[in-house]
Each structure stands twice: as structure tokens, then as C-alpha cells.
Amino acid sequence: MNRRDANARMHAQVMERPGSALRAADVAVPVPGPGQLLIRVAACGVCRTDLHVVDGELPQPKTPLVPGHEIVGRVAQVGAAAGAYAAGERVGVPWLGWTCGACAYCRRGQENLCASARFTGYQIDGGYAEYAVADARYCFRIPEMYGDADAAPLLCAGLIGYRALRLAGDARRVGLYGFGAAAHVLAQICVRQGREVHAFVRPGDREAQVFARELGAAWCGESTELPPAPLDAAIVFAPVGALVPLALRAVDKGGSVICAGIHMSDIPSFPYASIWGERSIRTVANLTRADGEEFLDVVRRHPVRTQVTRYPLAHANRALEDLRAGRLRGAAVLVP
Ligand SMILES: [Zn+2]
Ligand SMILES: [Zn+2]
């Protein structure tokens, strides 16, 4: 354990209150408590959930808040009893930051649903900064073949996408609605598993269709179109409720529509016939540590290529705006 200057300062991007742009701030470097690591941030992914937090669409964030929950960095200081990691080791910090371990959900292996869970970049300061503190028990080791920025989108986009795919079971024809950070990783995993990827993009977004084809999609179309044959499952990544009835229309009897986002606009009403035939709608909430370990093992054994656009930390607002406007191919990553 090395001691740091207690008065050390760092640059951070801070949300003072929801609904306002982030502000560049000079703040104290956080001090790791028992069980925690101080991490020097090398890269932090920009996730759509960050937009929902900044826009005030998720209730009761910590304020002021440093957003960011796809953190890749190196351990700068090890707090007491956080001995699983050593100084200098590379770690990843995901969205799930703390769980109680005692509630009914935690006891039955659903810590993603923990009644008092705390999340990175929401109730805990995250990675839009030069340093972050994280509970060592919720950190991951990152496979060595990925660069820091390339690994960042794996920590949420990749991981949540993988959890959504698991809910799709052995679906062979899989539809992906919204071809951004999550879908671009998941498409590669689907293809490797012998599934047929159908990419549904915003009407008029030719570039996203080209990108999806490059990553192995068998069919690309606009979200209002029907695929050439019914899907076994559809995963909706875009936060647009109107896509749910469209996706239901595209899945076969017995198929499922899985909504992978934390927030979505209202789902319009639809005829019962759209869901009849044992179709189902499910959601994915957060992650468990077991999900993270399993997913990182999959991408260690079968590497995926992530496409990232790097932004300096000071340009966090621009990265968020580019994500909002759909101007990104793949994922945005802040590099301090
Ligand atoms: Zn719990
Ligand atoms: Zn996320």
C-alpha cells in the first residue's frame, strides 16, 4: 500500500444537478476506504445510461456526481482489506458498484435486483475523472489483448448485451434493434455462436447498415421493416418504446422481445394478437458479478473487435451529444 498526498487534486467532469451540462471541475482525489481501490482512470466508456442520468430520467442520482461506469484503469492505491488486487494492476469497474448481500434477491443469486444496490456513476462517483474509487469485490480483471479504450465498452455495452442474449436462449435468428455500442459487440458473438443476426436501424441510417454488415449481420433493414423470415428473439437496445410492438411483430410464435435498456419512452398500446402465440416481453436489469466473469471469459477466448471514438475528458459533453444524436459508430470513450 502506497500513501498518496491527502491534498492531491484531479480534473473531473461533474453533474451538479440533472438536466444541466457537465462542468469541468478541480476536485480532491478520492481516498479509498476499507475494501476499496483507488484507480487511475485510463479510459471510461460513455454509455446511454449516462445520458439518462444527466437528463434526469433516472430518479435520485447522487449530486454532485461524476458519471461514468465503464472504467478501465490501474490500481494506484489499495485500501485496507482490498488485497485481491495489487498496485499497478489493470482493473475494470462496471455499473454494479455495491450490493447488500442480505436481501431476498441477493440471497437467491439475483444481486442485479438487490433492493439497496448502488451503481457506479449514479449513486457512486464514476470514471469521468482522472481517478475513481471502487469496491474491489465488484471490479474485474480485463483480458490482456484489449487496449484500455478498446476494453471500456465491454464493461457495460458488451456485458449487458451478453446478459440480454442469454435470455434469448438458443434463438437462432436474432434481431438487434439499435446498432450502437452494445449491438456491435453482440453481433460478433452471435455470429461466432452460429446465430443469424438481423440488424434494425433508424430509418435513413445507411451508415449503421453498412457497419452492421461489416460485423456479419445476415440482414439489415430499418426498424419499421419486417425481416425476411420471423425472428426467434429480438433485443431492443434503443430507448424507444415504439420499437417494442414492431419487434413483437417481427418475432415468431414462442419468441421473445428483450428490452436491454434501463430507461425507455412509453410503449404504445398494441393488439393482443401481436403477443399471442406465447410471445413474451422481458427486460434486462443491471448485471451480476457472475455475468461479468462469464462475459469477460467469452471475449478472452474469442476476442471481439470494438470500434471506439476517443474524446479527451474535457470533451465529455460533446461525447454525450454525439451519442444522443446517433453520430457515433460503435462506442464513445473518454481518455483522461
Ligand atoms: Zn441485496
Ligand atoms: Zn451502461
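Select phenylalanine 119 to begin: in this predicted model, the residue is buried, with a relative accessible area of 9%. Now add tryptophan 95, which counts as buried at 4% relative accessibility. A search of the whole structure finds six aromatic pairs. In one of them, the ring centres of tryptophan 95 and phenylalanine 119 lie 4.8 Å apart with the planes at 15°, so this pair is stacked. Tryptophan 95 sits in the loop between β5 (90-93) and β6 (96-98), while phenylalanine 119 belongs to strand β7 (residues 118-119), so the pair ties together parts that are 24 residues apart in sequence. Adding Tyr122 to the selection shows a cluster, in which ring pairs link Trp95, Phe119 and Tyr122.

**A second aromatic pair**

A pair of aromatic rings is described by the distance of the centres and the angle of the planes. Keep phenylalanine 119, buried at 9%, in view for comparison, and select phenylalanine 179 and phenylalanine 211. Their ring centres are 5.9 Å apart and their planes stand at 90°, so the pair is edge-to-face. Phenylalanine 179 is in the loop between β9 (173-177) and α5, and phenylalanine 211 is in helix α6 (residues 206-214); the pair links distant parts of the chain, 32 residues apart. Phenylalanine 179 and phenylalanine 211 are both buried.

**Helix α5**

Proceed to glutamine 188, in helix α5 (residues 181-192). Is glutamine 188 buried or exposed? Its relative accessible area is 12%, under the 20% limit, so glutamine 188 is buried. The side chain of glutamine 188 reaches the backbone oxygen of histidine 184 at 2.8 Å. With residues up to four places away in sequence left out, glutamine 188 touches Leu215, Val304 and Arg305.

**The zinc site**

Select ligand 2, the zinc ion. Which protein atoms are the donors of the zinc ion? They are Cys47 (SG), His69 (NE2) and Cys156 (SG), at 2.0 to 2.2 Å from the ion. The spacing of these donor residues in sequence is C-x21-H-x86-C. Two of the donors connect distant parts of the chain: cysteine 47 is in the loop between β3 (36-46) and α1 (48-54), and cysteine 156 is in the loop between α3 (148-151) and α4 (157-167), 109 residues apart. Cysteine 47 and cysteine 156 are both buried.

**From helix α1 into the following loop**

Histidine 52 is the next selection, located in helix α1. Histidine 52 has a relative accessible area of 7% and is buried. Not counting residues up to four places away in sequence, histidine 52 touches Glu57, Leu58, Pro239, Ile262 and His263.

Move on to threonine 63, in the loop between α1 and β4 (71-78). Threonine 63 is partly exposed, with a relative accessible area of 44%. The contacts of threonine 63, again without residues up to four places away in sequence, are Met15, Glu16, Arg17 and Pro18. Draw a distance from the C-alpha atom of threonine 63 to that of aspartate 125: the separation is 9.3 Å, for residues 62 apart along the chain. Proline 64 is in the loop between α1 and β4 as well, and the peptide bond from threonine 63 to proline 64 is cis, with omega near -15°.

**Parallel strands**

Show strand β12 (residues 231-236) with strand β13 (residues 251-259); they pair in the parallel sense over five bridges. One residue to label is alanine 233, whose bridge partner in β13 is serine 256. Between these strands, the chain crosses from β12 through helix α7 (residues 243-250) to β13, in a right-handed β-α-β crossover. Strand β14 (residues 280-283) runs parallel to β13 and is joined to it by four bridges. Here cysteine 259 has threonine 283 in β14 as its bridge partner.

**Two positive phi angles**

Most residues other than glycine have a negative phi, and most peptide bonds are trans. Select glutamate 278, in the loop between β13 and β14. Glutamate 278 has a positive phi of about 60° although it is not a glycine. At 73% relative accessibility, glutamate 278 counts as exposed. Finish at asparagine 286, in the loop between β14 and α8 (289-301). Phi of asparagine 286 is also positive, near 60°. Asparagine 286 is buried, with a relative accessible area of 16%.

Note on methods: Residues are numbered from 1 along each chain as its sequence is written. Chains are lettered from A and ligands numbered from 1 in the order in which they are written. This is a predicted model: local features need pLDDT of at least 70, side-chain atom pairs count only at pLDDT 80 or more; totals for chains, interfaces and linings use all residues. Side-chain values use heavy atoms; hydrogens and water are left out. Buried means under 20% relative accessible area, exposed over 50%, partly exposed in between (1.4 Å probe, protein chains only). A polar contact is a pair of N or O atoms within 3.5 Å; within protein, one must be able to donate a hydrogen and the other to accept it, and residues adjacent in sequence count only if both atoms are side-chain atoms. Contact means heavy atoms within 4.5 Å. Rings of Phe, Tyr and Trp (its six-membered ring) pair if their centres lie within 6.5 Å; planes under 30 degrees apart count as stacked, over 60 as edge-to-face and the rest as tilted. Two strands pair if DSSP finds at least two bridges between them. A crossover is right-handed if, with the strands pointing away from the viewer, the path from the first strand over the helix to the second runs clockwise. Donors are N, O and S atoms within 2.8 Å of the metal (3.2 Å for Na, K and Ca); water is not among the atoms, so sites may look incomplete.
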